[in-house]
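User: I have not looked at this structure before. Can you walk me through it?

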Amino acid sequence: MNLSWPILGALVALVVGLAIALWRGRREASRLRRALEAKSADLEHLQTSFSRFAPEEVVERIIAGGISTHAERKEVTALFADLVGFTALSESVEPLVLVRILNGYFERMSRAIADHRGHVSTFIGDGILALFGALQPNPWQGDDAVHAALAMRRELAAYNGELEQEGLPVLSIGVGLHRGVGVAGLVGSRELMQFAFVGRIVNLAARVQDLTRRYEVDILLTSAVQEQLDPRFELRELPATPVPGVAEPVAIFAAEGFQG
Amino acid sequence: MPAMQDIEWLDPLIEPRRSRELERFAKQRVGFVPPEIGCFAACPWIGRASIELAVARRVHIDHDLADLVALVVSQESSCRFCYATARLLLRILGMPEARIRTLERDLETAQLDARTRLALDFARRLSRSNPLPSHADKRPLLEAGYGEAAVKELAFVASENVFHNRVATLAAMPPQRGERLGRSWLLGLARPLMARRIRALRKKGQTEWLGDDLKTGPYTYLIVALDGLPGARILRGILDQAWASPQLSRRAKALIFAVIARGLGCPQSECEAFRLLEGEGLDNDEADEILAHLGARGLDPIEARILRYARETIWYQPALVQRQGRALREHLSPAQFFEVVGIASLANMLCRLAIVLDPP
């Protein structure tokens, strides 16, 4: 009898101890599960957001194995848009007003691009580089890019109406388009990386965009785009023009509209 | 992968109405009438196809894996309706909520065996098709011990889920009922009975060889490649019904097949669509001109709208494609619109099935 009380006491203490340990363990497991779910939700949001800037495969490769310099050849259509007279504009309005004007401009232009299956690769100062066919294969990329450029023209006209009503200066743009093969992948340094498309086509789209001032038009495209374009686009052929870095003069066309 | 609760989803684009014929069909095949059956009344072949595919027998892979494929593909396709259904099914069959959440979060950490993980990864790639998987993508499965026939069946299961996902997303079928039921305490009570009923339906299938009479009609090359699987006969039936349905012209249907094949980069499906178009009096040059820009001067304005919409069913965001569907619906009868949805869904499935063909 004398011996069994201590044993019983020890057993009760053991059971209570185990129950407490179990309860703590479950509480800890539950806390960790909640934390994991929260982190997982964050990761999902991050992944979804990141998918707007890089193909899903690239995002998944980064998540699974970290940053890799894997790149692949792709045919894309590059659209380069720039504000005409931006320097003069930036000197004529307050910086805060300028930022507001620019944000409204970028917002509308980005929407026009996204509505036509393009994605904005980067903003360079007041310039926009958009790519068609870089995130997903797109056999209709040329048509999409020119439709996007025409939509940008319409969006800008509407935006200028709003700016005029506020007594602010109106904007005008030049858009250059070129199509070709380049390399898509992650480019940058350890501190800053981005999914980018590297190739001569981006430079040529930017150079062609420069020519919009010279010919006083807003949308210019090269023959590489024109050759595969829907014949219902209304184009005006301009003289082949030399551009820096290209041996032969470049055949260019002004986009005027679409007979749809 | 998108968080499903964040996915914008519009009101249904199809008005449900009673169809006794479909109800009888469902009762005969699954033993009960699914609540959504009325959505299919406008174009019954789509309803029959959905039921036939859902109860298809498996020969080489088990139903548990097929259920996981359904979950993964619906998540990949951002289909809230199918996702809620796949989740509900797993819950009914006894999978704990915590386990489902783990699977949703990350297959890598979901404590799956290597073979299952490989199979699910393959299904996900196939459903995404950016780009279409090649024969090289089958190699890890073959090396892991799956036979050729099992890989074909796995591809069939993933592709049939692409069909379900497209139909449900394009028609904006309401996911709320499935989502609500998954959270309901009633599920706990009814679960054992429902699980028993579902398991009873899921008998293991046997290899079935097709007779020559079934080796004819649209996409026969795929049917022949699937020969041996019960799915081959089902797909033959679906294709024949879709092709015979009177809501859209055969030319419009073949053009939808062609647009989706070109968008996904599937030469076999595009070639077959061209063959079908030729049978409808459109030669290859004319078809190519239409496809090059999704419009040619000879194209009917309604056909042009349908083709532009068909293209959007390849890479889509649910709410965006549902808005586009709403706009298209204004120009078509409900039955015609739903048939566009059905044909586009079928075309998306067929391109993915190209993986079952022998390497060129």
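Analyst: What follows covers the cores, the aromatic pairs and one buried residue. This is a predicted model, in which local features need pLDDT of at least 70, side-chain atom pairs count only at pLDDT 80 or more, and totals for chains, interfaces and linings use all residues. Residues are numbered from 1 along each chain as its sequence is written, chains are lettered from A and ligands numbered from 1 in the order in which they are written, and side-chain values use heavy atoms, with hydrogens and water left out.

User: How many residues has the largest nonpolar core?

Analyst: It has 129 residues, and those with the most contacts inside it are B:Leu235, B:Ile256, B:Phe338 and B:Leu346. Helix 8 (residues 148-170) of chain B gives the most to this core, twelve residues. A nonpolar core is a set of buried Ala, Val, Leu, Ile, Met, Phe, Trp, Tyr and Cys residues joined through side-chain atoms within 4.5 Å. Buried means under 20% relative accessible area, exposed over 50%, and partly exposed in between, with a 1.4 Å probe and protein chains only. Helices (H or I, at least four residues) and strands (E, at least two) are DSSP runs, numbered from the N terminus.

User: And what does B:Leu346 contact?

Analyst: Beyond its neighbours within four places in sequence, B:Leu346 is in contact with residues including B:Trp45, B:Phe163, B:Leu235 and B:Phe257. Contact means heavy atoms within 4.5 Å. Another core, of 39 residues, lies apart from the 129-residue one; A:Ile173 is among its residues.

User: New topic. How many aromatic pairs are there over all chains?

Analyst: The count is seven. Rings of Phe, Tyr and Trp (its six-membered ring) pair if their centres lie within 6.5 Å; planes under 30 degrees apart count as stacked, over 60 as edge-to-face and the rest as tilted. A:Phe233 and A:Phe258 make a tilted pair, 4.8 Å centre to centre with 55 degrees between the planes. A:Phe233 is in strand 7 and A:Phe258 in strand 8 of chain A, 25 residues apart.

User: Is A:Phe233 buried or exposed?

Analyst: A:Phe233 is buried, because its relative accessible area is 6%. A:Phe258, at 28%, is partly exposed.

User: Back to chain A's strand 1: where does A:Asp82 sit, and what does it touch?

Analyst: A:Asp82 lies in strand 1 (residues 71-83) of chain A. At 16% relative accessibility, A:Asp82 counts as buried. Not counting residues up to four places away in sequence, A:Asp82 touches A:Tyr105, A:Ile173 and A:Arg213, among others. A:Tyr105 also forms one aromatic cluster with A:Phe106 and A:Phe123.
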